[in-house]
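Student: I would like to go through this model piece by piece, starting from one side chain. Please give the reasoning before each value.

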Amino acid sequence: MEKVVVSERIVDSPCVLVTGEYGWTANMERIMKAQALRDSSTMGYMAAKKHLEINPDHPIIDSLRVKADADKNDKSVKDLVMLLFETALLCSGFSLEDPQSHSSRIYRMIKLGLGIDEDDIPVAAADVEVPADAADDASRMEEVD
């Protein structure tokens with residue numbers, strides 16, 4: 001992202017992501033990332049120059065500002081800001097660099113909204129016992145004639 005600016009033109013959204021007048025669109029960036037013979041060094045300067053425009057009058061931005069002023073190290077505020085940015089990315093047609101961290105943030109926010117304590121983490125999938133007949137079905141699926 002190139003810069004963050006306060007916008008005077010946004011009405012309904014808390015923030016939007018826009019590209020420069022002569023920059024790549026989200027679709028062009030996606031096409032160039034999909035090229036088989038692309039050079040990773042060229043993607044740095046060829047990628048779309050994104051600008052995050054923030055609506056200072058939106059209640060979400062106002063609430064985040066108040067919470068950030070109250071506690072600069074609040075992890076939930078940081079998560080919410082990142083979710084706003086990533087949502088703006090998705091709404092503008094760009095893809096996320098790390099969808100796994102995005103989903104982890106969403107899950108943390110859902111747990112926070114539901115009042116679930118961080119200590120109430122579910123049992124990992126690796127710790128769950130698989131019934132014997134289900135394991136046999138999986139091994140049969142891997143057999144090759």
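Student: Is Arg 9 buried or exposed?
Tutor: Keep in mind that this is a predicted model. The cut-off for exposed is a relative accessible area over 50%. Arg 9 has 58%, so Arg 9 is exposed.

Student: Which residue does the side chain of Arg 9 meet in a salt bridge?
Tutor: Arg 9 sits in the loop between β1 and β2, and its partner lies in strand β3, 44 residues apart from it. The N to O distance is 2.9 Å, and the limit for a salt bridge is 4 Å. The partner is Glu 53.

Student: Is Glu 53 buried or exposed?
Tutor: Buried means under 20% relative accessible area. Glu 53 has 11%, so Glu 53 is buried.

Student: How many salt bridges are there in the whole structure, and which one lies in helix α3?
Tutor: A search of the whole structure gives 5 salt bridges. In helix α3, two residues stand 3 residues apart, about one turn of the helix. Their side chains meet at 2.8 Å, N to O. The pair is Asp 62 and Arg 65.

Student: How accessible are Asp 62 and Arg 65?
Tutor: Partly exposed covers the range between under 20% and over 50%. Asp 62 has 37% relative accessibility, and Arg 65 has 39%. Asp 62 is therefore partly exposed, and Arg 65 is likewise partly exposed.

Student: What is the N to O distance between Lys 72 and Asp 69?
Tutor: Both Lys 72 and Asp 69 are exposed. Their side chains meet in a salt bridge, for which the limit is 4 Å. The distance is 3.9 Å.

Student: What is the strand order of the sheet?
Tutor: The sheet is open, has 3 strands and shows mixed pairing. β1 (3–6) and β2 each have a single partner strand, so both stand at the edges. The order is β1-β3-β2.

Student: In which sense do β2 and β3 pair, and which residue in β3 is the bridge partner of Leu 17?
Tutor: β2 and β3 (residues 50–54) are joined over 5 bridges, in the antiparallel sense. The bridge partner of Leu 17 in β3 is Leu 52.

Student: What angle does α4 make with β2?
Tutor: α4 packs on the sheet and touches β2 and β3. The direction of α4 makes an angle with that of β2 of about 50°.

Student: Which element gives the most residues to the largest nonpolar core?
Tutor: This core has 13 residues, and Leu 17, Leu 52 and Leu 89 have the most contacts inside it. The elements that give two or more residues are β2 (15–19), α3 (59–70) and α4 (75–91). With 5 residues, the one that gives the most is α4.

Student: Which residues does Leu 89 touch?
Tutor: Residues up to four places away in sequence are not counted. What remains is Leu 17, Lys 50, Phe 94 and Leu 96.

Student: Why is Cys 91 in no disulfide with Cys 15?
Tutor: Cys 15 is buried at 11% relative accessible area, whereas Cys 91 is exposed at 67%. A disulfide needs the two sulfur atoms within 2.5 Å. The sulfur of Cys 91 has its closest cysteine sulfur in Cys 15, and that is too far for a bond, at 8.7 Å.

Student: How many disulfides does that leave?
Tutor: A disulfide is a covalent bond between the sulfur atoms of two cysteines. Cys 15 is in no disulfide. The count is 0.

Notes:
Residues are numbered from 1 along each chain as its sequence is written. This is a predicted model: local features need pLDDT of at least 70, side-chain atom pairs count only at pLDDT 80 or more; totals for chains, interfaces and linings use all residues. Side-chain values use heavy atoms; hydrogens and water are left out. A nonpolar core is a set of buried Ala, Val, Leu, Ile, Met, Phe, Trp, Tyr and Cys residues joined through side-chain atoms within 4.5 Å. Buried means under 20% relative accessible area, exposed over 50%, partly exposed in between (1.4 Å probe, protein chains only). Helices (H or I, at least four residues) and strands (E, at least two) are DSSP runs, numbered from the N terminus. Contact means heavy atoms within 4.5 Å. Two strands pair if DSSP finds at least two bridges between them. Axes are lines fitted to C-alpha atoms, for helices over the stretch in contact, and angles run from 0 to 180 degrees between N-to-C directions.
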